[in-house]
Amino acid sequence: MQPTADFDPAHLARSLLRRSRQGALATLMAGTGAPYCSLVNLASHPDGSPILLISRLALHTKNILADPRVSLMLDERAEGDPLEGARIMLAGQAEEVAEGGRELVRRRYLGAHPSAEAFVEFKDFSFFRIKPSGAHLVAGFGRIVDLKPAQFRTDLGGAEELLEAEPGAVAHMNEDHREAMNLYATRLLGAESADWLCTGCDPDGMDMQAGRDTLRLDFPERVTTGTGLRKMLVRLAGEARAKERVKE
């Protein structure tokens with residue numbers, strides 16, 4: 001059965017990758033190649049690929065070091081029957097993040113998992129990034145699609161200025177514009193009012209989190225500079241305030 005016309009699998013896949021904070025990681029047992037599955041915490045790289053912080057003492061890390069091929073299952077954790085919610089199986093290779101890229105992934109991971117600050121510097125822990133080769137999305141009856149990486153990863157080409165400005169932008173939003181963050185969540189995304197924080201920005205949107213709840217605010221147009229990001233966030237705040245006035 002072909003998916004219905006209103007179904008956008010690439011958008012749903014990107015949303016799941018950005019919003020997920022836990023997933024089931026499948027690796028291959030060193031020596032035997034037998035399948036092994038474990039629960040892991042994750043965050044997202046600016047291009048959408050998953051970031052893991054894992055210990056070399058863990059069996060899944062030992063498996064990855066012997067054979068980097070992995071798969072990662074993410075789901076919406078829908079109420080009721082879990083099979084009613086959307087889920088995505090990401091296949092690819094897990095690669096240890098080199099020293100030059102560690103600052104970026106550390107910042108984004110700790111934004112998603114602040115409690116990891118307690119052990120992120122332990123010598124046995126390292127950051128790994130899953131570079132996907134494809135994905136299998138299941139979003140309900142007649143909504144099962146195989147996707148290529150180009151369909152769900154964010155293109156970072158030409159966005160160097162934005163990536164450089166991202167840490168300051170995230171800090172600025174969280175320190176000075178919490179009201180706007182709450183407006184984005186409640187008026188643009190239909191979420192409940194909460195202490196929403198910005199955990200990351202990229203050319204396609206902004207990631208938000210309040211406790212265990214996560215949201216993805218998509219930008220209507222691609223943004224590649226710090227100035228462009230500021231203008232986009234001001235514009236979306238205006239749209240959110242306009243909707244608030246209409247509701248009143």
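## Strand β5 and its partners

In this predicted model, Val70 stands opposite Gly92 in β6. That pairing belongs to a longer contact between the two strands, since seven bridges join β5 to strand β6 (residues 87-96), and the two run antiparallel. Strand β1 (residues 22-28) is also joined to β5, here through three bridges and again in the antiparallel sense, with Ser71 of β5 as the bridge partner of Ala26.

The side chains of strand β5 (residues 69-75) alternate between two faces: Val70, Leu72 and Leu74 point to one face and are buried, whereas Arg69, Ser71, Met73 and Asp75 point to the other and are not buried.

## The nonpolar cores

In soluble globular proteins, nonpolar side chains tend to be buried together. The largest nonpolar core of this model comprises 26 residues, and Leu25, Leu52, Leu72 and Ile130 are those with the most contacts inside it. At least two residues of this core come from each of α1 (9-19), β4 (50-55), β5, β6, β7 (125-138) and β8 (144-147).

Leu25 shows how such contacts are spread along the chain: leaving aside residues up to four places away in sequence, Leu25 touches Tyr36, Cys37, Ser38, Val40, Leu52, His60, Ile64, Val70, Ser71, Leu72 and Ile130. Another core, of 25 residues, lies apart from the one described above, and includes Met181, Met232, Leu236 and Ala237.

## Aromatic pairs

The count of aromatic pairs comes to three. One of them is formed by Tyr109 and Phe127, whose rings meet edge-to-face, at 5.8 Å centre to centre and with 70 degrees between the planes. This pair links distant parts of the chain, with Tyr109 in helix α3 (residues 99-112) and Phe127 in strand β7, 18 residues apart.

Both rings belong to residues that fall under the 20% limit for burial: Tyr109 counts as buried because its relative accessibility is 3%, and Phe127 counts as buried because its relative accessibility is 2%. Ring pairs also link Phe119, Phe122 and Phe125 into a cluster.

## The sheet of β9, β10 and β11

Three strands form an open sheet in the order β9-β10-β11, and their pairing is antiparallel. Because β9 (197-202) and β11 (213-218) stand at the edges with a single partner strand each, one side of each is left without a neighbour in the sheet. Neighbouring strands of this sheet are turned against each other by 20 degrees on average, direction ignored.

Between β9 and strand β10 (residues 205-210), the antiparallel pairing extends over five bridges, and Cys201 stands opposite Met206 in β10.

Note on methods. Residues numbered from 1 in each chain as written. Predicted model: local features only at pLDDT ≥ 70, side-chain atom pairs only at ≥ 80, totals over all residues. Heavy atoms only, no water. Pairing = 2+ DSSP bridges. Helix = DSSP H or I, 4+ residues; strand = E, 2+ residues; numbered from the N terminus. Axes fitted to C-alpha atoms, helices over the stretch in contact; angles between N-to-C directions. Buried < 20%, exposed > 50% of the residue type's maximum accessible area, 1.4 Å probe, protein only. Core = buried A, V, L, I, M, F, W, Y, C linked by side-chain atoms within 4.5 Å. Contact = heavy atoms within 4.5 Å. Phe/Tyr/Trp six-rings, centres within 6.5 Å; stacked < 30°, edge-to-face > 60°.
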